[in-house]
Amino acid sequence: KITEVQTFWVDKERIGESANRQNSPLSAEEQALVCYALEHLGGKFNIRDLAEAFKGHVSQRRIEQLSRQWEALGWLVAGRTRAEGKRIAGALIVAASSA
């Protein structure tokens, strides 16, 4: 007796990306903001710089909302002065990269 075996191709990278999106508490847009701040702003969550970089994709108002929300969660840490701004905390890095 011959048993038919079905084979299928698996795109491991696409599945991995999908798993990351599903398991992270952040949306893809929020993850992009965090990654940009880490890579281009030295870990500072500068609302104006982020709004400029994401113009047409994420509004400044949305970035301000996230800033307040994430600070309340302890994911952003305010500097000693307003001029120092807010920095990304380790918990936000974990949230953005969780798999």
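**Exercise 1. Classify Arg 62 and its salt-bridge partners as buried, partly exposed or exposed.**

Step 1. Arg 62 has a relative accessible area of 26%. Buried means under 20% relative accessible area, exposed over 50%, and partly exposed in between (1.4 Å probe, protein chains only). Arg 62 is therefore partly exposed.

Step 2. Glu 29, at 31% relative accessibility, is also partly exposed, whereas Glu 30 is buried at 9%.

The model is predicted: local features need pLDDT of at least 70, side-chain atom pairs count only at pLDDT 80 or more, and totals for chains, interfaces and linings use all residues. Residues are numbered from 1 along each chain as its sequence is written, and side-chain values use heavy atoms, with hydrogens and water left out.

**Exercise 2. Find what the salt bridges of Arg 62 connect.**

Step 1. A salt bridge is a side-chain nitrogen of Lys or Arg within 4 Å of a carboxyl oxygen of Asp or Glu. The count by this rule is 4.

Step 2. Arg 62 pairs with Glu 30 at 2.8 Å, N to O. Arg 62 lies in helix α4 and Glu 30 in helix α2, so the pair ties together parts 32 residues apart in sequence. Helices (H or I, at least four residues) and strands (E, at least two) are DSSP runs, numbered from the N terminus.

Step 3. Arg 62 also pairs with Glu 29 at 3.6 Å, N to O. Glu 29 is in helix α2 as well, 33 residues from Arg 62.

Step 4. Another salt bridge joins Arg 80 and Glu 84, with the closest N and O atoms 3.9 Å apart. Shared partners join Glu 29, Glu 30 and Arg 62 into one network.

**Exercise 3. Describe the largest nonpolar core.**

Step 1. A nonpolar core is a set of buried Ala, Val, Leu, Ile, Met, Phe, Trp, Tyr and Cys residues joined through side-chain atoms within 4.5 Å. The largest has 19 residues; among those with the most contacts inside it are Leu 33, Ile 63 and Leu 92.

Step 2. Helices α2 (28–40), α3 (47–53), α4 (60–73) and α5 (90–97) each supply at least two residues of this core.

Step 3. Leaving aside neighbours within four places in sequence, Leu 92 is in contact (heavy atoms within 4.5 Å) with Leu 26, Val 34, Trp 70, Trp 75 and Leu 76.

**Exercise 4. Decide where to read the model with caution.**

Step 1. The mean pLDDT, the predictor's confidence in each residue from 0 to 100, is 82 for the protein.

Step 2. Among the elements, helix α1 (residues 12–23) has the lowest mean, 51, and α4 the highest, 96. Over residues 5–12 the pLDDT is below 50.

Step 3. Where pLDDT is low, the predicted coordinates should not be read in detail.
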